[in-house]
Amino acid sequence: MKKTDQTVAELMLDQLSLFGVKRIYGVVGDTIIGLIDALAKQNKIQFIAVKHESTAAFMASAEAKLTGKLGVCTATMGPGAANLLNGLGDAYADKAPVLAITGQAPSDKIGTEFPQYVDQQELMKPFASYSANLASPDATVELLQKAAQTSLGQRAVTHLS
């Protein structure tokens with residue numbers, strides 16, 4: 001498969017595996033279904049499904065604390081992203097390198113009254129040293145590398161929507 005044939009989710013998983021990520025914890029949701037689908041089609045990174053997003057973030061935090069490696073959690077947009085905050089607060093307090101990947105509204109609906117839309121960059125501000133909205137497939141590698149390197153280099157929480 002040529003790189004140009006990869007989906008954004010497949011490219012993200014390839015990059016995350018280069019950072020040593022072995023597991024992603026999360027709750028399946030509509031705006032991250034592409035990521036879940038890509039996880040199902042590969043065998044480098046295991047998806048650990050949990051019943052609540054805060055559990056996913058706590059598990060990513062615990063893994064990061066125990067291994068020193070990047071912990072990753074995922075959730076859908078809106079309430080799903082908000083539910084990550086307890087576990088991300090734990091990672092923030094203990095300086096655990098955790099990356100949260102959240103779904104997002106369609107780009108033409110960002111900032112509108114779209115159902116369940118919240119400004120995730122503002123939401124994550126108290127805990128995340130870096131938070132960006134991936135608006136273009138061409139920025140995938142650059143934003144993901146910045147998030148992962150910031151998490152690992154500063155032992156910090158980062159976020160990509």
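## Buried residues, β6 and the largest pocket

I24 counts as buried, at 0% relative accessibility. The model described here is predicted. I24 belongs to strand β1, which covers residues 23–26. Setting aside neighbours within four places in sequence, I24 is in contact with L13, L16, L39, I45, Q46, F47, I48, V72, C73 and T74. G71 is 47 residues from I24 in sequence, yet their C-alpha atoms are 7.4 Å apart in space.

### Helix α1

Two of the contacts of I24 are L13 and L16, and both are listed among the buried residues of α1. Helix α1 spans residues 8–18 and is mostly covered, with eight of its 11 residues buried. The eight are A9, E10, L11, M12, L13, Q15, L16 and S17. Which elements do the buried residues of α1 pack against? They pack against the strands β1, β3 (71–75), β4 and β6 (157–160), and against the helices α2 and α7. Just after α1, G20 has a positive phi of about 85°.

### Helix α7

Helix α7 runs over residues 140–154 and includes T150; S151 is found in α7 too. T150 is buried, because its relative accessible area of 13% is under the 20% cut-off. S151 is buried with a relative accessible area of 0%. The side chains of T150 and S151 each reach a backbone oxygen, as the table shows.

| Residue | Relative accessible area | Backbone oxygen reached by the side chain | Distance |
|---|---|---|---|
| T150 | 13% | K146 | 2.7 Å |
| S151 | 0% | A156 | 2.9 Å |

Not counting residues up to four places away in sequence, T150 touches S129, Y130, R155, A156 and T158. With neighbours within four places left aside, the contacts of S151 are L70, P97, V98, L99, A156, V157 and T158. A156 therefore takes part in a contact with S151 and also supplies the backbone oxygen that the S151 side chain reaches, within the 3.5 Å limit for a polar contact.

### Strand β6 and its partners

V157 and T158, both in contact with S151, are buried residues of β6. Both faces of this strand are covered: V157 and H159 are buried on one side, T158 and L160 on the other. Strand β4 pairs with β6 in the parallel sense over four bridges, and I101 stands opposite L160. Strand β5 (residues 128–132) also runs parallel to β6 and is joined to it by four bridges. Here A132 has L160 as its bridge partner. L160 thus stands opposite I101 and is also the bridge partner of A132.

### The largest pocket

Where empty space is left is shown by rolling a probe the size of a water molecule over the atoms. The largest pocket has a volume of about 490 Å³. Its lining is made up of 25 residues, and those nearest its centre are V8, T31, Q104, L134 and S161. Which elements supply at least two residues each to this lining? Helices α1 (8–18) and α2 (33–40) do, as does strand β4 (98–102). By type, the lining residues divide into 14 nonpolar, 10 polar and one charged. Helix α1 thus contributes to the lining of the largest pocket, while its buried residues pack against elements that include α2 and β4.

Key. Residues numbered from 1 in each chain as written. Predicted model: local features only at pLDDT ≥ 70, side-chain atom pairs only at ≥ 80, totals over all residues. Heavy atoms only, no water. Buried < 20%, exposed > 50% of the residue type's maximum accessible area, 1.4 Å probe, protein only. Polar contact = N/O pair within 3.5 Å; in protein donor to acceptor, adjacent residues only side chain to side chain. Contact = heavy atoms within 4.5 Å. 1 Å grid on protein atoms, 1.4 Å probe; cavity = no way out; pocket = protein on both sides within 12 Å on 5 of 7 lines; lining within 4 Å. Points joined across faces, edges and corners; volume = space filled by probe spheres on them. Nonpolar A, V, L, I, M, F, W, Y, C, P; charged D, E, K, R; others polar. Pairing = 2+ DSSP bridges.
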